[in-house]
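Here is a short tour of one protein chain, written to be read with the structure open beside you. Take a look at it first, and then we can walk through it together.

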Amino acid sequence: MGKPRFAWNEIPLAQEIKDTRAIELRIGPVDKPILHSPSVVSMGNPHAIFWVADVAAYGLGKIGPLLENHPIFPERANISLAHVASREHLIVRTWERGAGLTKACGSAACACAVAAARLGLVERAVTVALPGGELRIQWRASDDHVLMTGPVAYEYEGKFDPALFVASVNP
């Protein structure tokens, strides 16, 4: 998956934030927010990770689109809820920008693993449990690259009508 990016302008964020391990962002009442202080990181696309005790306890289908389109994210963002089950295991749910709730998002699994490691919550190699299955994520210290491994399944086969492509080439 390449190297993660942590600088505010590489994620990108709409304003300069020096420490992206926990940014000032809340949803809900100021004195008792429902979610707050996400870690943000880019794995080639922007991610915001909220650390929670139970990933199923929140209406991610409702709050995901609000957070995806928050002004702090000029290119929108994937929104994840993550629970640290142990130093080697994360549980994650993700609202994928432009797609909605998803059973699995590889870049989100990588972003959550890296963000948790930056906070000292997990080791640099973890299992990430998503609704669609588990992925093994390793953030290598030797070259800063993130590796993702997991099962592969054949989903679909189809054919496009060649006429569709001719129309787009010859308007």
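Let's start inside the protein, keeping in mind that this is a predicted model. Val128 has a relative accessible area of 0%, so this residue counts as buried. Strand β8, which covers residues 125-130, is where Val128 sits. What is Val128 in contact with, leaving aside its neighbours within four places in sequence? The list runs through Leu90, Val92, Ala109 and Ala113, and then Gly133, Glu134, Leu135 and Ile137. To get a sense of spacing, you can also look from Val128 to Met148: they are 20 residues apart along the chain, and their C-alpha atoms are separated by 10.0 Å.

A second buried residue is worth a visit. Pro46 has a relative accessible area of 2%, which means that it is buried, the limit for that label being under 20%. Pro46 belongs to strand β4, residues 46-51. Not counting residues up to four places away in sequence, Pro46 touches Ile11, Pro12, Val41 and Arg97, along with Glu75, Arg76, Ala77 and Asn78. Ile63 is 17 residues along the chain from Pro46, and the two C-alpha atoms are separated by 17 Å.

Two of those partners of Pro46, Ile11 and Pro12, bring us to the backbone. Most peptide bonds are trans, and most residues other than glycine have a negative phi. The peptide bond from Ile11 to Pro12 is cis, with omega near -10 degrees. Pro12 is found in the segment before β1 (26-27).

Which residues other than glycine have a positive phi? Ser37 and Asp144 do, and the table sets them side by side.

| Residue | Phi | Place | Relative accessibility |
|---|---|---|---|
| Ser37 | near 55 degrees | loop between β2 (35-36) and β3 (39-42) | 29%, partly exposed |
| Asp144 | near 70 degrees | loop between β9 (133-139) and β10 (146-149) | 26%, partly exposed |

Ser37 counts as partly exposed because its 29% falls between the 20% and 50% limits. Asp144, at 26%, is partly exposed too.

Now for the side chains around aromatic rings. Arg118 lies over the face of Phe6, 3.9 Å from the ring centre. Arg124 is placed over the face of Trp139, at 4.0 Å from the ring centre. As for rings paired with rings, the structure holds 1 aromatic pair.

With those details in hand, let's step back to the whole chain. How many helices and strands does the protein chain have? There are 3 helices and 10 strands, and along the sequence they follow the pattern β-β-β-β-α-β-β-β-α-β-β-β-α. The C-alpha trace spans about 55 × 35 × 35 Å along its principal axes.

Of the 171 residues, 39% count as buried. Among contacts with a separation of 6 or more, 56% come from residues 24 or more positions apart. The chain exposes about 9,600 Å², and carbon and sulfur atoms supply 55% of that area. Finally, there are 17 positive and 17 negative charges, and their mean positions are 2 Å apart.

Conventions. Residues numbered from 1 in each chain as written. Predicted model: local features only at pLDDT ≥ 70, side-chain atom pairs only at ≥ 80, totals over all residues. Heavy atoms only, no water. Phe/Tyr/Trp six-rings, centres within 6.5 Å; stacked < 30°, edge-to-face > 60°. Lys NZ or Arg CZ within 6 Å of the ring centre and 35° of its normal. Helix = DSSP H or I, 4+ residues; strand = E, 2+ residues; numbered from the N terminus. Buried < 20%, exposed > 50% of the residue type's maximum accessible area, 1.4 Å probe, protein only. Contact = heavy atoms within 4.5 Å. Areas by Shrake-Rupley, 256 points an atom, 1.4 Å probe, with all protein chains shown as cover. Lys, Arg positive; Asp, Glu negative; His and termini not counted. Charge placed at Lys NZ, Arg CZ, Asp CG, Glu CD.
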